[in-house]
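Dear colleague,

I am handing over the structure shown below, followed by an account of what was found in it. Please read the notes with the model open beside them.

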Amino acid sequence: MTRFSYDVAVRWSDMDAYGHVNNTRFLTLYEEARVAMFFVGARAQGVTSFEDGIVISRHEVDYLRPVDYGDAVRIEMWVSQLRAASFTVSYELFDDGVLASRASSVCVPYNLAEQFPRRLTEAERDFLKPYLEA
């Protein structure tokens, strides 16, 4: 299994009153990494159909330790489940090399223009398969 790795900057606006990244902002950090995977990574392999629409049907986040303002965090992602019309992206967020959070998102390919979920194309499945957890 291959992991997609992406460094995400922590912004001052991500902080809460306690000086840590706010719990809700973790989803924004995960989103930035996910967008890089499906817009930049997929496009580099000739797959642009993810850009037509993906919606999230579920998020799950485990917070393992606080993350302070500072250097970028590294997010590693892989596909933990692949179905005909959805897939689950799993993440690990590292702060200074230390695991700070785990999460997952159920992603549904979606036709934004006509407002309905759709099945994964063969090209999309081929892009996702190297990231699929065995």
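Leaving aside neighbours within four places in sequence, Asn22 is in contact with Asp14, Met15 and Asp16. Please keep in mind, here and throughout, that this is a predicted model. Asn22 belongs to the loop between E1 and H1, and with a relative accessible area of 22% this residue counts as partly exposed, because the partly exposed class begins where the buried class, under 20%, ends. Although Asn22 and Pro66 are 44 residues apart in sequence, their C-alpha atoms are 8.9 Å apart in space.

As for the overall layout, the protein chain has 2 helices and 6 strands, and from the N terminus on these elements follow the order β-α-β-β-β-β-β-α. The C-alpha trace spans about 45 × 30 × 25 Å along its principal axes. The radius of gyration of the protein chain is 15 Å, which agrees with the value near 14 Å that a compact globule of 134 residues would have. Of the 134 residues, 40% are buried, and among contacts between residues at least 6 apart in sequence, 67% join residues at least 24 apart.

The largest nonpolar core holds 32 residues, of which Phe50, Ile75, Phe87, Leu93, Phe127 and Leu128 touch the most other members. At least two residues of this core come from each of strand E1 (4-8), H1, strand E3 (73-82), strand E4 (87-95), strand E5 (98-111) and helix H2 (122-128), and H1 gives the most, with 8 residues. Phe87 may be a useful place to start looking: not counting residues up to four places away in sequence, Phe87 touches Phe38, Phe50, Ile54, Val79, Gln81, Leu82, Ser105, Val106, Cys107, Pro109, Leu120 and Leu128.

Val89 also lies in strand E4, and this residue is buried, with a relative accessible area of 0%. Its contacts, again leaving aside neighbours within four places in sequence, are Phe38, Met77, Trp78, Ala103, Ser104, Ser105 and Cys107. By contrast with these contacts, Glu114 is 25 residues from Val89 in sequence and 25 Å from Val89 in space, C-alpha to C-alpha.

Turning to the open spaces, the largest pocket has a volume of about 160 Å³. Helix H1 (23-44) and strand E2 (54-63) are the elements that give two or more residues to its lining, with H1 giving the most, at 5 residues. The lining is made up of Glu31, Arg34, Val35, Phe38, Phe39, Phe50, Glu51, Gly53, Ile54, Val55 and Ile56, which divide into 7 nonpolar, 1 polar and 3 charged residues. Phe38, Phe50 and Ile54, which are listed in this lining, also appear among the residues that Phe87 touches.

Finally, two backbone angles deserve a check. Most residues other than glycine have a negative phi. Asp96, although not a glycine, has a positive phi of about 55°; Asp96 is placed in the loop between E4 and E5 and is exposed, with a relative accessible area of 64%. Gln115, likewise not a glycine, has a positive phi of about 60°; Gln115 is found in the loop between E5 and strand E6 (116-117) and is exposed as well, with a relative accessible area of 53%.

With best regards

Technical notes
Residues are numbered from 1 along each chain as its sequence is written. This is a predicted model: local features need pLDDT of at least 70, side-chain atom pairs count only at pLDDT 80 or more; totals for chains, interfaces and linings use all residues. Side-chain values use heavy atoms; hydrogens and water are left out. On a 1 Å grid over the protein atoms alone, a cavity is a set of points where a 1.4 Å probe fits but cannot get out, and a pocket is an open set with protein on both sides within 12 Å along at least five of seven lines; lining residues have an atom within 4 Å of a point. Grid points are joined across faces, edges and corners, and a volume is the space filled by probe spheres set on the points. Helices (H or I, at least four residues) and strands (E, at least two) are DSSP runs, numbered from the N terminus. Ala, Val, Leu, Ile, Met, Phe, Trp, Tyr, Cys and Pro count as nonpolar, Asp, Glu, Lys and Arg as charged, and the others, Gly among them, as polar. A nonpolar core is a set of buried Ala, Val, Leu, Ile, Met, Phe, Trp, Tyr and Cys residues joined through side-chain atoms within 4.5 Å. Buried means under 20% relative accessible area, exposed over 50%, partly exposed in between (1.4 Å probe, protein chains only). Contact means heavy atoms within 4.5 Å. The radius of gyration is taken over C-alpha atoms; the globule rule is 2.2 Å times the number of residues to the power 0.38.
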